[in-house]
Amino acid sequence: MRLVPSPAAQEAPPMTLADPTLSAPSPTRLFEKYSPVTGASMGQFPIADSEAVEGAVARARAAFPGWRDTPLAVRLEAINRGRDVLLEQAETYARKIADDTGKPIIEALMFELAVVPMFLDHYLKRAPKLLTRRKVSTPMALLGKTGYIEHFPRGVIGIIAPWNFPFQLSVLPVISALIGGNTAVLKPSEVTPIAGEVVADFFRRMGLPPGVVEVVAGDGSTGAALCRANVDMLFFTGSVATGRRVAAAAAERPIPCELELGGKDVFIVCADANLERAAEAVVFGSMANCGQACVSVERALVVDSVHDRFVELVKRKLARIKVGGPDEQAEMGPMTFAKQLQTVERHVEAARQAGAKVLTGGQRLDRAGLFYPPTLLTDVRPDMDIYREETFGPVLPVIRVRDEEEAVRLANASEFGLVGSVWTQDLDKGMRIASRLESGQVMINDVFSSVGHPGLPFGGVRSSGLGRYHGDEGLLTFMNPRAILVDRGKADYDPIWYPYTDKLASAFEVFRGVAGKKLGSLVRGFLGLRKASIDGHK
């Protein structure tokens, strides 16, 4: 897809516009990609216009009936070929993703690539059960009838992916949609176009039928065109502001949409926490991927009695983090998106001006690229932007709280509700606190791991999003449920059907049986209805 390739991108066979997973964007509109590590140009990339998007959707629409009707076992076998592709291409893919995003290669490998086979294992095991028709219990009032639930694919899924985990957050929704028999049109982020190429190459190497997965490269106009196109569902991961526009576009038709949006995730440190583990975890949880994760720790709420000791531990551990590019053996790379770096700088400076203390970091590093150091803030107040808004960068605000009750109250008094964690050696207390947090996922004495657990649903409340994926929900979100009720059809009519003559007293008897759970009344009522029906049909 790239018109001017970077040297790193030439390590694997080039992709061509003839590949079935790639759209053919108009070559007249291009944008330039700059390295977050060096600031140098990495090439120019095409922007798919509305015509190219509509063409991709049309190909996915044409491919849908054949893919839908392919037996589930065959679909799973085809999708599982992605495991072999990753084994063959892991080093090349990890390097390209690292070059594109600036993240350490180990993070590209572990956070982007390694999670995919984990989810494949889960879905290959669960899909045959989840997607099989199942019988449901039938109430006595519907005696003689049998109820079933089954699922069928929604159709063509439009998926818009973000730049912070550009491989994982593109591939997993597409795979989840494909398992159920849907086809997909994916729009990767323009911030990470090389990773978008990696995703397209991944699906091409899987050897899926033409049109089953289409990738349209481009900018926001491409995503808007996909939202307007003839898709059957929209799946969006990204900012709250853009998510609202996606939801509005879906509502116009209307079609279902799922929104995986931002977070202001809390890290509650109780007085009895293992402070050494908690400090190690909060450093990792706030700085991994340069803090550019919706599950990053963005508010540490620390009980007063351990606050000062905790802050000192965190400060020492932050000082050990080496910042640099993928080739510098660093723990933390640059930020990926220049605009997001500006948000980080604005939040930190506004907090400093309002009285927050900057204990480490606090300003951009004096070197090429988008490097911002690990930054620790204390004396942060709820009226500050850095407390209320998603920062999405390598910044950790620590807030002193009186006790755990205040921590829970502050945690829930937020626009967001995605992920939280509780740190205590009393696991019963941890569970009680976890159950009071208004968020989609909660961990006890851990960070990040819940989002990588294939069996757990992922998603948030309020401005953190709408819907769930991962877990069983990650398959069913792309499916329509269908209810089936079966009657053997032996009788010529049902007792409740016309005529109504002489049936009211028996109907009241049925009502008393249902409402009062009285089997005798239910039986007498139905016998009376049956007799009246026989008499009425003579």
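**Exercise 1. In this predicted model, find how far the sulfur of Cys227 lies from the closest cysteine sulfur, and decide whether the two can be bonded.**

*Solution.* Start at Cys227: its closest cysteine sulfur belongs to Cys257, 9.0 Å away, which is too far for a bond. Next, turn the search around and begin at Cys257; the closest cysteine sulfur is the one in Cys227, again at 9.0 Å and too far. Now bring in the cut-off: a disulfide needs two cysteine sulfurs within 2.5 Å. By this rule the count is 0 disulfides.

**Exercise 2. Work out whether Cys227 and Cys257 are buried or exposed.**

*Solution.* The cut-off you need is that buried means under 20% relative accessible area. Cys227 has a relative accessibility of 7%, so Cys227 is buried. Cys257 comes to 18%, so Cys257 is buried too.

**Exercise 3. Place Cys257 in its strand and describe what lies on each face of that strand.**

*Solution.* Cys257 belongs to strand β9, residues 257–260. On one side sit Cys257 and Leu259, on the other Glu258 and Glu260; all are buried, which leaves both faces covered.

**Exercise 4. Identify the strands that pair with β9, and give the direction of each pairing.**

*Solution.* Take β8 (residues 233–237) to begin with: β8 runs parallel to β9, and 4 bridges join them. In this pairing, Phe236 stands opposite Leu259. To get from β8 to β9, the chain passes through helix α8 (residues 240–252), making a right-handed β-α-β crossover. Then look at β17 (residues 465–466), which pairs with β9 in the antiparallel sense over 2 bridges. Here Leu259 stands opposite Leu466.

Conventions: Residues numbered from 1 in each chain as written. Predicted model: local features only at pLDDT ≥ 70, side-chain atom pairs only at ≥ 80, totals over all residues. Heavy atoms only, no water. Buried < 20%, exposed > 50% of the residue type's maximum accessible area, 1.4 Å probe, protein only. Pairing = 2+ DSSP bridges. Right-handed = clockwise from strand over helix to strand, strands pointing away.
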